[in-house]
Amino acid sequence: IAPFHSQLPVRISFGDGVVAELCDVLAGRGGTALVVVEAPVAGHPDVVAALAAAEAAGVGLERVVKDAGEPTFQLADELAGRVRAAAHGTVVGIGGGSALDVAKAARIVADQGGVGRDFADGRLVPTPPTIGLVLCPTTSGTGSEVSGASVLTDTDADVKIGFGHPNMRAQHALVDPVLTHGLPPAPTAHSGVDAMAQAIGACTV
């Protein structure tokens with residue numbers, strides 16, 4: 001697939017090496033950022049280089065490495081607290097759907113108050129946010145980088161809840177195929193099946 005850019009409704013950059021655009025995106029937004037990166041890709045050379053370039057350009061970054069496992073409301077609320085405490089202007093999610101979903105939820109909670117369950121249960125409805133969101137997927141199955149949905153686990157109730165709104169979408173999605181190159185065979189296969197299932201669902205549901 002040839003590299004391309006798309007502007008609506010999420011600004012999408014696609015192509016080998018586009019994660020390097022993270023520096024310009026963050027510098028253009030100004031302020032500081034909270035970066036949520038999944039452990040398996042935290043040391044990926046292109047991710048490390050992109051974050052280093054942003055810091056060299058004067059962008060202050062607070063990094064949080066997300067361990068393996070399902071994203072939770074507890075983590076989203078914790079991350080939202082970090083964003084508010086540091087007055088970060090942007091949240092960055094780097095990883096699979098797990099990291100991207102929790103970054104989406106953390107951004108909207110940090111921006112508009114309450115807790116994640118308030119949005120999942122409909123007590124709060126997202127309005128256009130002022131805190132930015134930049135998503136960099138490292139798997140190819142979920143499409144989370146362009147959706148306004150998040151799926152989180154409530155560990156107290158032992159339930160997984162999906163919720164969403166157009167105002168939860170990211171402002172930027174940097175879709176770099178190179179970031180998938182180190183993915184083990186099993187997750188690569190699972191991502192492919194996931195993408196196919198969602199495509200079939202879009203045509204039949």
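This passage describes the fold, the surface and selected side-chain contacts of one predicted chain. Local features require pLDDT of at least 70 and side-chain atom pairs pLDDT 80 or more, while totals for chains, interfaces and linings use all residues. Residues are numbered from 1 along each chain as its sequence is written, and side-chain values rest on heavy atoms, with hydrogens and water left out.

The chain holds seven helices and nine strands. These are DSSP runs, numbered from the N terminus (helices: H or I, at least four residues; strands: E, at least two). The C-alpha trace spans about 45 × 40 × 30 Å along its principal axes. The radius of gyration is 16 Å, which agrees with the value near 17 Å for a compact globule of 205 residues. That radius is taken over C-alpha atoms, and the globule rule is 2.2 Å times the number of residues to the power 0.38. Of the 205 residues, 44% count as buried. Buried means under 20% relative accessible area, exposed over 50%, and partly exposed in between (1.4 Å probe, protein chains only). Contacts (heavy atoms within 4.5 Å) often link distant parts of the sequence: among those between residues at least 6 apart, 76% join residues at least 24 apart.

The accessible surface comes to about 9400 Å². Carbon and sulfur atoms account for 59% of this surface. Areas come from the Shrake-Rupley method with a 1.4 Å probe; for residues, only the protein chains shown count as cover. Val193, Met196 and Ile200 form a nonpolar surface patch, with about 290 Å² of accessible area together. Patches take residues with over 30% relative accessible area and no salt bridge; like charges are joined within 9 Å, nonpolar side chains (Val, Leu, Ile, Met, Phe, Trp, Tyr) within 5 Å. Valine 193 belongs to helix H7 (residues 185-204) and is partly exposed at 49% relative accessibility.

Two buried loop residues were examined. Threonine 72 sits in the loop between strand S4 (61-66) and helix H4 (73-86). Its relative accessibility is 16%. Beyond neighbours within four places in sequence, threonine 72 contacts Val102, Leu152, Thr153 and Thr155. Alanine 170 occupies the loop between strands S8 (159-164) and S9 (172-175), at 2% relative accessibility. With the same neighbours within four places set aside, alanine 170 contacts Val10, Arg107, Leu133, Leu135 and Glu145.

Side chains of opposite charge can pair when their charged atoms come close. The count comes to nine salt bridges, each a side-chain nitrogen of Lys or Arg within 4 Å of a carboxyl oxygen of Asp or Glu. One of them joins lysine 160 and glutamate 70 (3.4 Å, N to O). Lysine 160 lies in strand S8 and glutamate 70 in the loop between S4 and H4, so the pair ties together parts 90 residues apart in sequence. Lysine 160 is exposed, at 52%. Elsewhere, Arg117, Asp118, Asp121, Arg123 and Asp154 are linked in a salt-bridge network. Within it, aspartate 121 meets arginine 117 at 3.0 Å (N to O) and arginine 123 at 3.3 Å between the closest N and O atoms. Aspartate 121 is partly exposed at 36%, as is arginine 117 at 23%. Arginine 123 is exposed at 53%.

No disulfides (cysteine sulfur pairs within 2.5 Å) are found in the whole structure. The sulfur of cysteine 23 is 12 Å from the closest cysteine sulfur, in cysteine 136, too far for a bond. Cysteine 23 is buried at 12% relative accessible area, and cysteine 136 is buried at 0%.
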